[in-house]
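Reader: I have a structure open beside its sequence, and I would like to learn how to read it. Could you take me through some features, with the general idea before each case?

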Amino acid sequence: MKSRRRPYAEQRPQDLGGGVWSVPVPIPGNPLGYTLVYALESPKGPVLVDAGWNHPDAWDALNGGLAALGIDVSTVSGVVVTHFHPDHAGLAGQVKDVSGGWIAMHEDDAALVRLMHDYPADEHESFQSDMLRRAGADPGEVRQAVSRPIPPALPDRRLRDGDLVDLPGRKLRAVHTPGHTPGHICLHLEDADRLFTGDHVLPDITPHVGIYPYDRDDVDPLGDFLDSLDRVAELGPLDALPAHEWIFPDVAARAAEIRHHHDEKLERLRALLAQRPEPLTIWEVAAMMTWNRPWGDLPPALRGMAAGEAAAHLRTLEARGEIRRVPGVDPVRFQALDS
């Protein structure tokens, strides 16, 4: 079945057939509107794919939505989280508290959640401020863009690529699709030709792929994301059940579209740097790229995310040998290489 994106107020829990249900859970103050939480039938009790944002309104919506489908949250046997972001993992801890169920996520995201819990609160602001400064942000923007995320609950179970989720009688397999986060997973319901795509493949928008700290040179999240799109495309024209927007057919075709979008974006960025005789900071590059609104209209937090995405694209071009970072300068700067 396929629907189109509607405001949260028009969303309803749905029986998708085959022992799968969806519940829209609001994300207060976020233009995405809601997260689609999925429930899968199991003899041990339903398993949720994601859980939604940790907010009283979201908790009420999750409880009420499940109840409308004949599911009591206390019977949930587990929550498998596609990635650690708060609109996906935020309520997992509360579900666990009520149901006694488990929380599972990929081991790479589990390590990040552990780091978030252990990182000293008084060091976070200086860490973020220094990251923004090295990217070329001015001091005023640095002060406004700094924020501290609230970490989700720690998982009980760590998944690796190819692992089967604890869903008796079904085959729900983890497919590691890094990029949006290092440990993002899609979940292939192999007995029904369905793929829960999390944020990896969405029907209309593309997920944020950033690099943090911005100037890291030991990872390539956008390169990982593009490789992950190719891997999803190889699964064939499965029905996609994403975490946002709407359900859609043929995930392989959409993955190819997103891949093409980023290939074009990388080429535009390479050409932009080639036109500039002087090296550019990450912040300068971000200000020159195209976003969903003009750079001057972006609030500080969104400028920080845009810089992360610009940095990821720069890093991929660097990894491909098409640009280079200038050695020994602070803030870090990039320039095109001669063709």
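Author: Gladly, and we can begin with polar contacts. A polar contact is a pair of N or O atoms within 3.5 Å; within protein, one must be able to donate a hydrogen and the other to accept it, and residues adjacent in sequence count only if both atoms are side-chain atoms. Here, the side chains of Q11 and Y34 make such a contact at 3.2 Å. Before we go on, note that this is a predicted model, in which local features need pLDDT of at least 70 and side-chain atom pairs count only at pLDDT 80 or more, while totals for chains, interfaces and linings use all residues. Residues are numbered from 1 along each chain as its sequence is written, and side-chain values use heavy atoms, with hydrogens and water left out.

Reader: Where is Q11 found, and is Q11 buried or exposed?

Author: Two terms help here. Strands (E, at least two residues) and helices (H or I, at least four) are DSSP runs, numbered from the N terminus. Buried means under 20% relative accessible area, exposed means over 50%, and partly exposed is in between, with a 1.4 Å probe and protein chains only. Q11 sits in the segment before strand 1 (14-15), and its relative accessible area of 10% makes Q11 buried.

Reader: How do I read strand pairing, and in what order do the strands of the open sheet come?

Author: Two strands pair if DSSP finds at least two bridges between them. The open sheet has seven strands in the order 1-2-3-4-5-6-7, with mixed pairing. Its edges are strand 1 and strand 7, each of which pairs on one side only. For a parallel example, take strand 4 (residues 47-49) and strand 5 (residues 78-80), joined by three bridges; L48 stands opposite V79 of strand 5.

Reader: What about strand 9: how many of its residues are buried?

Author: Five of the five residues of strand 9 (residues 185-189) are buried, so this strand is largely enclosed by the rest of the structure. I185, L187 and L189 point one way, while C186 and H188 point the other way.

Reader: Which strands does strand 9 pair with?

Author: Strand 9 pairs with strand 8 in the antiparallel sense over five bridges, and L187 is the bridge partner of A174. Strand 9 also runs antiparallel to strand 10 (residues 194-198), through three bridges, with H188 opposite L195. Strands 9 and 10 form a hairpin with four residues between them, and D193 in the turn has a positive phi of about 55 degrees.

Reader: How should I read the surroundings of a loop residue such as R170?

Author: Start with contact, which means heavy atoms within 4.5 Å. R170 lies in the loop between strand 7 (157-159) and strand 8 (172-176). Leaving aside neighbours within four places in sequence, R170 is in contact with G18, G19, E41, L189, D191 and A192. With D191, R170 makes a side-chain polar contact of 2.7 Å.

Author: V209 is another loop case, between strand 10 and helix 7 (221-233). V209 is buried, with a relative accessible area of 1%. Its contacts beyond four places in sequence include P221, F225 and A312. The C-alpha atoms of V209 and M305 are 9.0 Å apart, although 96 residues separate the two along the chain. M305 itself is in helix 10 (residues 300-319) and counts as partly exposed at 38% relative accessibility.

Reader: And how do I recognise a salt bridge?

Author: Side chains of opposite charge can pair when their charged atoms come close. The rule asks for a side-chain nitrogen of Lys or Arg within 4 Å of a carboxyl oxygen of Asp or Glu, and the count comes to 22. R134 and D130 form one at 2.5 Å, N to O; both lie in helix 5 (residues 121-135), four residues apart, about one turn of the helix. D130 is partly exposed at 31% relative accessible area.

Reader: Which salt bridge does R325 form?

Author: R325 pairs with E318, their closest N and O atoms being 2.8 Å apart. R325 counts as buried at 17% relative accessibility, and E318 is buried at 16%. Elsewhere, salt bridges that share partners join D130, R133, R134, D215 and D330 into one network.
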